Amino acid sequence: MSAIDLSGYEVTDSFFGAPFIAVDEERERPSPHRFVQGGFGGTDTEFAFYFPPAQYYTGRMFQPLEGGNGGHAVTFGGGILGEMFQRIAMSARLGGYMVESNQGHQGDDYDPKAGQDPTLYGHRASAESARLSKYVATQVYGGAPHHSYVWGGSGGGRRSPLCLENAPGVWDGCMPSTSGGEIAEPGNTERVKAGSIMSFGQMFNVQRLLGRDKIIALADRMAPGGSGDPFEGLGTHEREELASLYRQGFARGNEFMISEPMGQMWLWTSLADELYRDDPDYFANFWTKPGYVGHDAPELVEGDLIHQTGRVVRTLSARDLNESSDFAGPEFQTMRILAAIVGAGGEAYDFPYAVEIEGLDGGYRVGTGVKILTGKAAGRSLYATGAAGDVFACDGQGDANVLRFKGVGPGDEVLVDNRRFLAYCYFARHHVTDDPAFAHLLVDDRPIYPQHPVPRMSSLMGVCYSGQYEGKVLWIHHTHDSSVWPAWGTLYHRAVRQAQGESGARQNFRIRWTEYAEHGPYGMVPPEPNRVAATRLIDFRGITEQSMIDLIDWVENGVEPSGTNYTFADGRVHLPSSAAERGGIQPVASATANGGSRADVGVGEPVTLTVTAAVPPGAGRIISIEWDFDGTGTYPFRHEEIDGSAAELSVSTTHAYDRPGTYFATARVTSHRAGDVQAELCRIETIAQARTVVAGAAVAGVAAVAGAGV
């Protein structure tokens, strides 16, 4: 392994000093590669290059961008996310190496040299890292890549189109997923106004008002075979706030996730101090002025107020939360998942991520502020991403994000105060944008409630979209994403049409909708009381890899990929019911129990379960249909007769339940482009469900008599 020489590299962007290499070594995990890590002098920008063995290299570069605000140079190349997504191995399979950067900053802090310049964080740091990687690849492989691709999800999906738009010649194709943002003129340097800031507050309010039990009941009503009435049993204010949540675009069919805020709560913690600094009047007016709930109807919030001091018992790391039996209960599950992601198996796994506080009584604790009053960290303010009992997992902006509870010790006094968070729960009413999702908060084009300036996202999210670029964009969006809602997936499509016209959009843009996919893999999603996430959500990694293959074929060979046909109305994305009309690459499936969406049977009574599935034209053939009967996610039954030759199938099986309960029999349908039943990669999944309600023998007998007319 010869040493890499950077002495001849000249930066394109004069902001960056000379590059340097801090680490250059061979690594075996998560797959074999040469690991090169370094940075640019005089800046906070760091990079990491992952070069698989030379026999895999056919001349491509792949650059996934980290989600959230970015801030870490090694995200998908190691730790939990590296093992989960295996993006180095995927890059090797597709003939390339992988590039990461921290996108210009450390954690959620700004580069001191750049300050709040969104162009650095949105695209410039990524572009200079990409250019340097090509220089290094020439030394490692003997030739620079002939084509390069940038992609990412969530915050990485937000910024990857900015790279293509604002750094022509660096990348040839882009595959963003699950993101969105404001549209402006090409070359703009504006921070982004995003409806998510308002809409997440709306989601938190519904979570607060309904509570976990009512949300579980809501999810059950909206699941297959349910009543379909989301408002059943709710009070007036609960109905109003849930209706507003739906109108703002929340994903139907994923209501359980209202009770499990993940990335949504991170956005609040990352912006809370900034929102207050930019508009302190809102947070004061909420409690003191007519037109605001805190003043007009204090009974709606007073019962949840907490403004108390307590003392630290201990700080807790991601390791503590995930490995100690003290935190093995279901109330800690979301906290454990998020802690593991933040820790990612590296040094941060032992970082003080959470705190246990004694001396508190009552109050609504998720989202609350936690301010350190005494000790070495006195003055630091954080916000609770999760709370269970007296344990608070927290995050914040700037140093608070980087340090968390470092320097905090037992006995330190803290203030726990949720007045800002409760005001944020009604934020949407008072920050109405011109997005149609907020039209219900207007009458005759005038806001119903007192208004405040619409806030902008952090500079770390980059600038506004223009929709003007050189190259190709294949956009992936999920219909059941509770962190980036389906409505937001239409925004970039609109931007491209606006900038390039319908003809340009047809030539350079495609969108693919994925049903039954959450923001992250279902392994990161907490279970419902009677079923795990694997029985209502899919593994979308096969769709990701197949779509990248299709993007490459489009860019390099002119083979146009199939997009998904959809319509958008009333804050909802509507997909055609048939595979032929829908297009895209995901199978379309439906399931029945005894011929309907719901079957009512007795213990031991067989239920006939049928699934009908079809693959869109040109997208492959069905290679597998499996059933999970009881919500465990084990999928024990497989239709062995399926051989990969058919693009459409209807198959049935029977199952009898040996105990009373409500069960969602789930058919997992998998297709593959070549119909290879042995394929381990590029497996394209969907699911279909039907409900079976099993009564005890005596109850079933009464029902049978009643049905006979006696």
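Contact is taken here to mean heavy atoms within 4.5 Å. In the predicted model, helix α7 (residues 263–278) lies across strands β11 (381–388) and β12 (391–395). The direction of helix α7 is at about 160 degrees to that of β11.

Both of these strands belong to a barrel, which is closed by 6 strands in the order β8-β9-β12-β11-β10-β13 with antiparallel pairing. On average, neighbouring strands of this sheet are turned by 45 degrees against each other, direction ignored. Within the barrel, strand β10 (residues 369–372) is paired with strand β13 (residues 413–417) through 4 bridges in the antiparallel sense. Along this pairing, V370 is placed opposite V416 of β13.

A second sheet is open and consists of 3 strands in the order β20-β22-β25, again with antiparallel pairing. Its edges are formed by β20 (588–593) and β25 (648–655), each of which pairs on one side only. The average turn between neighbouring strands of this open sheet is 15 degrees, direction ignored. Strand β22 (residues 607–614) is joined to β25 by 8 bridges in the antiparallel sense, and T610 is found opposite S652 of β25.

Side chains of opposite charge can pair when their charged atoms come close. In total, 34 salt bridges are present in the structure. One of them is formed by R212 and E260, with the closest N and O atoms 2.7 Å apart. R212 is located in helix α5 (residues 195–222) and E260 in the loop between α6 (236–247) and α7, so this pair ties together parts that are 48 residues apart in sequence. The two partners fall into separate accessibility classes: R212 is partly exposed, with a relative accessible area of 40%, whereas E260 is buried, at 10%.

Helix α7 also contributes D273, whose side chain meets that of R420 in a salt bridge with an N to O distance of 3.7 Å. Because D273 belongs to helix α7 and R420 to helix α13 (residues 419–424), the pair ties together parts that are 147 residues apart in sequence. D273 counts as buried at 18% relative accessibility, because the limit for that class is under 20%. R420, at 29%, counts as partly exposed.

A further salt bridge is formed between E356 and R314, the closest N and O atoms being 2.7 Å apart. This pair links distant parts of the chain, with E356 in strand β9 (residues 352–358) and R314 in strand β8 (residues 307–317), 42 residues apart. R314 is partly exposed, with a relative accessibility of 32%. Elsewhere, D13, D117 and R124 are joined into one network by salt bridges that share partners.

Two packed helices are described by the angle between their axes and the distance between the axes. For helix α3 (residues 118–141) and helix α4 (residues 155–166), the packing angle is about 65 degrees and the axes are 8 Å apart. The crossing of these two helices is right-handed. On the α3 side, the contact is made by Y121, G122, H123 and S126, and on the α4 side by R159, L162, C163 and N166. Classified by residue type, the contact between α3 and α4 comprises 3 nonpolar, 4 polar and 1 charged residues.

Methods: Residues are numbered from 1 along each chain as its sequence is written. This is a predicted model: local features need pLDDT of at least 70, side-chain atom pairs count only at pLDDT 80 or more; totals for chains, interfaces and linings use all residues. Side-chain values use heavy atoms; hydrogens and water are left out. Two strands pair if DSSP finds at least two bridges between them. Axes are lines fitted to C-alpha atoms, for helices over the stretch in contact, and angles run from 0 to 180 degrees between N-to-C directions. A salt bridge is a side-chain nitrogen of Lys or Arg within 4 Å of a carboxyl oxygen of Asp or Glu. Buried means under 20% relative accessible area, exposed over 50%, partly exposed in between (1.4 Å probe, protein chains only). A crossing is left-handed if the near helix is turned anticlockwise from the far one by less than a right angle, and right-handed if clockwise. Ala, Val, Leu, Ile, Met, Phe, Trp, Tyr, Cys and Pro count as nonpolar, Asp, Glu, Lys and Arg as charged, and the others, Gly among them, as polar.
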